[in-house]
Amino acid sequence: MKCPFCKAEDTAVIDSRESEDGDSVRRRRQCESCDKRFTTYERVELSMPMVVKTNGNRVPYDGEKIRTGLLCSARMKPVRTEYVDQAINRIEQRILALGEREIASRVIGEMVMRELKKMDDVAYIRFASVYEDFQRVDDFRDAILEVKKPGAKRTRRSTK
(Lines give C-alpha, C1' and ligand atoms only; values in the text may rest on other atoms or scores of the structure.)
Protein backbone atom coordinates (compact mmCIF):
# COMPACT_ATOMS: atom_id res chain seq x y z
CA MET A 1 0.00 0.00 0.00
CA LYS A 2 1.49 3.33 -1.03
CA CYS A 3 1.65 6.18 1.46
CA PRO A 4 -0.89 8.85 0.42
CA PHE A 5 1.51 11.57 1.66
CA CYS A 6 4.95 10.74 0.27
CA LYS A 7 3.99 7.90 -2.14
CA ALA A 8 6.55 5.56 -0.59
CA GLU A 9 5.69 1.88 -1.03
CA ASP A 10 6.85 0.68 2.38
CA THR A 11 4.08 0.96 4.95
CA ALA A 12 3.41 -1.11 8.05
CA VAL A 13 0.09 -2.18 9.53
CA ILE A 14 0.04 -1.06 13.16
CA ASP A 15 -3.56 -1.97 14.04
CA SER A 16 -6.36 -4.04 12.44
CA ARG A 17 -10.00 -4.17 13.49
CA GLU A 18 -13.00 -5.89 11.99
CA SER A 19 -16.07 -3.68 11.50
CA GLU A 20 -19.15 -4.29 13.65
CA ASP A 21 -21.02 -5.94 10.79
CA GLY A 22 -18.02 -8.07 9.85
CA ASP A 23 -18.06 -6.82 6.25
CA SER A 24 -14.77 -4.95 6.34
CA VAL A 25 -11.44 -4.63 8.13
CA ARG A 26 -10.10 -1.24 9.22
CA ARG A 27 -6.31 -1.00 9.17
CA ARG A 28 -4.14 1.75 10.65
CA ARG A 29 -0.92 2.03 8.72
CA GLN A 30 2.27 3.96 9.20
CA CYS A 31 4.63 4.99 6.44
CA GLU A 32 8.17 3.78 7.07
CA SER A 33 9.59 6.76 5.16
CA CYS A 34 7.70 9.79 6.51
CA ASP A 35 6.18 8.19 9.68
CA LYS A 36 2.70 9.57 8.88
CA ARG A 37 -0.30 7.40 9.70
CA PHE A 38 -3.37 6.70 7.60
CA THR A 39 -6.36 4.37 7.59
CA THR A 40 -7.36 1.85 4.93
CA TYR A 41 -10.41 -0.38 4.65
CA GLU A 42 -10.48 -3.87 3.22
CA ARG A 43 -13.78 -5.22 1.84
CA VAL A 44 -14.71 -8.33 -0.06
CA GLU A 45 -15.54 -7.56 -3.65
CA LEU A 46 -17.65 -10.17 -5.37
CA SER A 47 -17.91 -9.73 -9.06
CA MET A 48 -20.63 -11.44 -10.99
CA PRO A 49 -19.63 -13.05 -14.27
CA MET A 50 -20.43 -11.57 -17.66
CA VAL A 51 -23.60 -12.99 -19.21
CA VAL A 52 -23.21 -14.52 -22.66
CA LYS A 53 -26.44 -14.02 -24.59
CA THR A 54 -27.66 -16.55 -27.17
CA ASN A 55 -26.44 -14.26 -29.98
CA GLY A 56 -22.92 -14.30 -28.50
CA ASN A 57 -23.01 -10.77 -27.06
CA ARG A 58 -21.62 -10.31 -23.57
CA VAL A 59 -23.37 -8.05 -21.08
CA PRO A 60 -22.80 -7.34 -17.39
CA TYR A 61 -24.90 -9.41 -14.99
CA ASP A 62 -28.04 -7.52 -13.93
CA GLY A 63 -30.04 -8.98 -11.04
CA GLU A 64 -32.90 -6.60 -11.80
CA LYS A 65 -33.60 -8.52 -15.02
CA ILE A 66 -34.14 -11.66 -12.95
CA ARG A 67 -36.38 -9.75 -10.53
CA THR A 68 -38.44 -8.37 -13.42
CA GLY A 69 -38.83 -11.82 -14.96
CA LEU A 70 -39.89 -13.39 -11.67
CA LEU A 71 -42.32 -10.60 -10.80
CA CYS A 72 -43.91 -10.51 -14.27
CA SER A 73 -44.39 -14.27 -14.22
CA ALA A 74 -45.88 -14.18 -10.73
CA ARG A 75 -48.09 -11.14 -11.36
CA MET A 76 -51.54 -11.54 -9.80
CA LYS A 77 -50.42 -14.79 -8.15
CA PRO A 78 -50.08 -15.39 -4.39
CA VAL A 79 -46.28 -15.13 -4.38
CA ARG A 80 -44.75 -12.98 -1.67
CA THR A 81 -41.98 -10.54 -2.47
CA GLU A 82 -39.76 -12.17 0.16
CA TYR A 83 -39.94 -15.45 -1.82
CA VAL A 84 -38.80 -13.60 -4.93
CA ASP A 85 -35.92 -12.03 -3.00
CA GLN A 86 -34.91 -15.42 -1.59
CA ALA A 87 -35.04 -16.97 -5.07
CA ILE A 88 -32.80 -14.23 -6.46
CA ASN A 89 -30.34 -14.76 -3.60
CA ARG A 90 -30.22 -18.51 -4.28
CA ILE A 91 -29.68 -17.91 -8.01
CA GLU A 92 -26.89 -15.41 -7.36
CA GLN A 93 -25.22 -17.77 -4.86
CA ARG A 94 -25.32 -20.57 -7.44
CA ILE A 95 -23.83 -18.27 -10.10
CA LEU A 96 -21.02 -17.19 -7.76
CA ALA A 97 -20.39 -20.80 -6.70
CA LEU A 98 -19.68 -21.72 -10.32
CA GLY A 99 -16.61 -19.50 -10.10
CA GLU A 100 -16.71 -18.68 -13.79
CA ARG A 101 -15.95 -15.36 -15.46
CA GLU A 102 -18.79 -15.89 -17.95
CA ILE A 103 -22.14 -17.62 -17.76
CA ALA A 104 -24.60 -18.41 -20.54
CA SER A 105 -27.94 -16.64 -20.26
CA ARG A 106 -29.53 -20.05 -20.82
CA VAL A 107 -28.01 -21.33 -17.55
CA ILE A 108 -29.48 -18.36 -15.66
CA GLY A 109 -32.86 -18.90 -17.34
CA GLU A 110 -32.88 -22.53 -16.23
CA MET A 111 -32.10 -21.47 -12.66
CA VAL A 112 -35.02 -19.02 -12.78
CA MET A 113 -37.33 -21.75 -14.10
CA ARG A 114 -36.33 -24.09 -11.24
CA GLU A 115 -37.11 -21.39 -8.69
CA LEU A 116 -40.48 -20.57 -10.30
CA LYS A 117 -41.40 -24.24 -10.41
CA LYS A 118 -41.00 -24.34 -6.62
CA MET A 119 -42.94 -21.08 -6.16
CA ASP A 120 -46.04 -21.31 -8.31
CA ASP A 121 -47.13 -23.57 -11.18
CA VAL A 122 -48.82 -20.82 -13.21
CA ALA A 123 -45.88 -18.43 -12.79
CA TYR A 124 -43.61 -21.23 -13.99
CA ILE A 125 -45.77 -21.87 -17.08
CA ARG A 126 -45.89 -18.14 -17.86
CA PHE A 127 -42.12 -17.81 -17.69
CA ALA A 128 -41.53 -21.05 -19.60
CA SER A 129 -43.88 -19.95 -22.40
CA VAL A 130 -41.75 -16.88 -23.06
CA TYR A 131 -38.37 -18.37 -22.19
CA GLU A 132 -38.90 -21.52 -24.27
CA ASP A 133 -40.74 -19.53 -26.99
CA PHE A 134 -43.88 -21.69 -27.06
CA GLN A 135 -45.35 -21.67 -30.57
CA ARG A 136 -48.15 -24.22 -30.26
CA VAL A 137 -50.78 -25.23 -27.76
CA ASP A 138 -48.96 -28.56 -27.44
CA ASP A 139 -45.99 -26.69 -25.96
CA PHE A 140 -48.24 -25.43 -23.14
CA ARG A 141 -49.72 -28.89 -22.66
CA ASP A 142 -46.28 -30.48 -22.39
CA ALA A 143 -45.18 -27.89 -19.81
CA ILE A 144 -48.36 -28.41 -17.78
CA LEU A 145 -47.89 -32.18 -17.88
CA GLU A 146 -44.30 -31.68 -16.70
CA VAL A 147 -45.58 -29.70 -13.69
CA LYS A 148 -48.24 -32.31 -12.95
CA LYS A 149 -45.88 -35.33 -13.14
CA PRO A 150 -46.18 -37.69 -10.19
CA GLY A 151 -43.46 -36.85 -7.71
CA ALA A 152 -43.05 -33.33 -9.11
CA LYS A 153 -42.61 -30.95 -6.25
CA ARG A 154 -45.63 -28.65 -6.02
CA THR A 155 -45.53 -25.96 -3.40
CA ARG A 156 -48.21 -23.33 -2.99
CA ARG A 157 -47.23 -20.28 -1.00
CA SER A 158 -49.91 -17.84 -0.05
CA THR A 159 -49.73 -14.19 0.92
CA LYS A 160 -51.43 -14.93 4.22
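**Exercise 1. Find the residue that Val-52 stands opposite in β6, and work out how the two strands pair.**

*Solution.* Keep in mind that you're looking at a predicted model. Start with Val-52: standing opposite this residue is Ala-104 in β6. Next, look at the strands. β4 covers residues 50-52, and β4 and β6 pair in the parallel sense over 3 bridges.

**Exercise 2. Work out the strand order of the open sheet and say which strands stand at the edges.**

*Solution.* Step one: read across the open sheet, and you get β5-β4-β6, 3 strands with mixed pairing. Step two: check the partners. β5 (58-60) and β6 (102-104) each have a single partner strand, so they stand at the edges and one side of each has no neighbour in the sheet. Step three: look at the twist, which averages 35 degrees from one strand to the next. Finally, see what lies across the sheet's strands: helix α3 (residues 105-119) lies across β4 and β6, and runs at about 65 degrees to β6.

**Exercise 3. Show what the salt bridge between Glu-102 and Arg-58 ties together.**

*Solution.* First, the distance: the side chains of Glu-102 and Arg-58 meet at 2.6 Å, N to O. That fits the cut-off for a salt bridge, which asks for a nitrogen within 4 Å of a carboxyl oxygen. Now place the residues. Glu-102 lies in strand β6 and Arg-58 in strand β5, so the pair ties together parts that are 44 residues apart in sequence. Last, check the accessibility. Glu-102 has a relative accessible area of 38% and is partly exposed; Arg-58, at 46%, is partly exposed as well.

**Exercise 4. Decide whether Glu-115 is buried or exposed, and trace its salt bridges to Arg-90 and Lys-118.**

*Solution.* Begin with the number: Glu-115 has a relative accessible area of 1%. Buried means under 20%, so Glu-115 is buried.

Now follow the bridge to Arg-90, where the closest N and O atoms are 2.6 Å apart. This pair links distant parts of the chain, with Arg-90 in helix α2 (residues 81-98) and Glu-115 in helix α3, 25 residues apart. Arg-90 is partly exposed, at 31% relative accessibility.

Then take the bridge to Lys-118, with the closest N and O atoms 3.4 Å apart. Here both residues, Lys-118 and Glu-115, sit in helix α3, 3 residues apart, or about one turn of the helix. Lys-118 is partly exposed, with a relative accessible area of 29%.

To finish, zoom out: Arg-90, Arg-94, Glu-115 and Lys-118 are linked in a network of salt bridges. The whole structure has 15 salt bridges.

How values were computed:
Residues are numbered from 1 along each chain as its sequence is written. This is a predicted model: local features need pLDDT of at least 70, side-chain atom pairs count only at pLDDT 80 or more; totals for chains, interfaces and linings use all residues. Side-chain values use heavy atoms; hydrogens and water are left out. Two strands pair if DSSP finds at least two bridges between them. Helices (H or I, at least four residues) and strands (E, at least two) are DSSP runs, numbered from the N terminus. Axes are lines fitted to C-alpha atoms, for helices over the stretch in contact, and angles run from 0 to 180 degrees between N-to-C directions. Contact means heavy atoms within 4.5 Å. Buried means under 20% relative accessible area, exposed over 50%, partly exposed in between (1.4 Å probe, protein chains only).
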